[in-house]
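Colleague: I'd like to go through this one with you and ask where the labels come from. Can you bring it up?

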Amino acid sequence: MENPSRKPVDRTSARNVGERPKGAKRFSLRNPAVRLSVYAVVLLLILGSCRERIERFFIYHPAQEIFLTPGDRGVSFEDVRFKAPDGVKLHGWFVPARAGGTAAGRAPTLTWFHGNGGNLSHRVENITLLHQKVAANVFIFDYRGYGRSKGTPSEEGTYRDAEGAVRYLLSRKDVDGDRLVHFGRSLGASVALEEALRRPPAGIILESPFTSVGAMAKKLYLIPIGRVLKTKYDSLSKIKKIRLPLLVLHGDRDGIVPFFMGKALFEAANDPKGFYVIRGAGHNDTYAAGGEAYFQRLDSFIRKLFTTDGSAGG
């Protein structure tokens, strides 16, 4: 049951790659017990024993309780159910744009692929501000195993969920299929890139993206175990194949996904592209730290995608 009295925890509770719950002890290789545990995990990965289960433990941090909705913040939304191509039942929210949309006609739709922690309800404050400040519909959904979505998360599963989400949007009469803009955050950036390779949108926005799970594992645990990981989320290889208008945003104080990873993805990408530094932002507070300028940058990029001369914002 939803509990509107609880405050959303976008900045702290929506965990992303390498992040643990608030109040939990962080991994530190200075701690002998932690070091031993990490080595044990690596050994298990190498031997292939329980590899998928161990990877899920480290990569995916879903929450099931939906404790807040856009409606609790006075935002009209539609609670939707749809299926991934393999039949897994998924849950999402469709938030229609404020009256007017863009000058070019029907409002574009921002398809939000969220990070690896929490669920939809951890993003309500961010959704509310996007609705208020960006001229677009917002569609956000939970991957399998998150919130009210069924199933168990995996890399291939998230890709199937993304495919199902886009298929669902294209089935709606109030959504213009030529005006989809993918918004991938953290782990969701790799999901957005994969879906863009399969069915190109009008443009793509990546926020706080990492280059690959292997690179993140090496950064967090100082051990190069990327080759033995089944889960890749290799954004660096994907982005080289993308030929769409691109905007990359990254907080310059991101303590989870290093700033240089966002920059590396930008440098590897094809034109047209743009890079926006969110000054003073960590990993989970980008929209709060970025303030009005942050939302203006998003809105400007989306609007320029659909100008009459066909130019795209970088």
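Colleague: What makes the contact between D161 and R144 a salt bridge?

Modeller: A salt bridge needs a side-chain nitrogen of Lys or Arg within 4 Å of a carboxyl oxygen of Asp or Glu. The side chains of D161 and R144 come to 2.8 Å, N to O, so the pair qualifies under that cut-off. Bear in mind that this is a predicted model, where local features need pLDDT of at least 70, side-chain atom pairs count only at pLDDT 80 or more, and totals for chains, interfaces and linings use all residues. Residues are numbered from 1 along each chain as its sequence is written, and side-chain values use heavy atoms, with hydrogens and water left out.

Colleague: Which parts of the chain does that pair tie together?

Modeller: D161 sits in helix α4 (residues 155-171), while R144 is in the loop between β6 (137-141) and α4, so the bridge links parts 17 residues apart in sequence. Those element names come from DSSP runs: helices are H or I with at least four residues, strands are E with at least two, and both are numbered from the N terminus.

Colleague: Are D161 and R144 buried or exposed?

Modeller: Buried means under 20% relative accessible area, exposed means over 50%, and partly exposed is in between, using a 1.4 Å probe and protein chains only. D161 has 0% and R144 has 6%, so each falls under the buried cut-off.

Colleague: How do you know that E163 and R167 are about one turn of the helix apart?

Modeller: Both lie in α4, four residues apart. Their side chains also meet in a salt bridge, at 2.7 Å from N to O. R167 is at 44% relative accessibility, so the label there is partly exposed.

Colleague: And what about D299 and R303, where do they lie?

Modeller: In helix α9 (residues 286-305), again four residues apart, about one turn. That salt bridge is 2.7 Å, N to O. D299 is buried at 12%, whereas R303 is partly exposed at 38%.

Colleague: How many salt bridges does the structure hold, and which residues are linked in a network?

Modeller: There are 18 salt bridges. The network links D86, R144, E156, R160, D161, E163, R167, E194, R198 and K238.

Colleague: On to the strands. Why is β8 called mostly covered?

Modeller: Count the residues: in β8 (residues 203-207), five of five are buried. G203, I205 and E207 are on one side, I204 and L206 on the other, and both faces are covered.

Colleague: What makes β7 and β8 a pair?

Modeller: Two strands pair if DSSP finds at least two bridges between them. β7 (residues 180-185) and β8 have five, in the parallel sense, so they pass. One of the matches is G184 with L206 in β8. The chain gets from β7 to β8 through helix α5 (residues 187-198), and that β-α-β crossover is right-handed. Right-handed here means that, with the strands pointing away from the viewer, the path from the first strand over the helix to the second runs clockwise.

Colleague: Which strand does β8 join through four bridges?

Modeller: That's β9 (residues 246-251), running parallel to β8. I205 stands opposite L247 in β9, and I204 has L246 as its bridge partner.

Colleague: Why is β3 described as largely enclosed?

Modeller: Six of the seven residues of β3 (residues 89-95) are buried, so the rest of the structure largely encloses that strand. Six bridges join β3 to β2 (residues 78-83) in the antiparallel sense, with F82 opposite L90. The two strands form a hairpin with five residues between them, and G87 in the turn has a positive phi of about 95 degrees. β3 also pairs antiparallel with β6 over four bridges, where F94 has F139 as its partner.

Colleague: What is the strand order in the open sheet, and which strands are at the edges?

Modeller: The eight strands run β2-β3-β6-β4-β7-β8-β9-β10, with mixed pairing. β2 and β10 (273-278) are the edges, since each pairs on one side only. The twist averages 20 degrees from one strand to the next, where axes are lines fitted to C-alpha atoms, for helices over the stretch in contact, and angles run from 0 to 180 degrees between N-to-C directions.

Colleague: What does α5 touch as it packs on the sheet?

Modeller: β4 (109-113), β7 and β8, with contact meaning heavy atoms within 4.5 Å. The direction of α5 makes about 145 degrees with that of β7.
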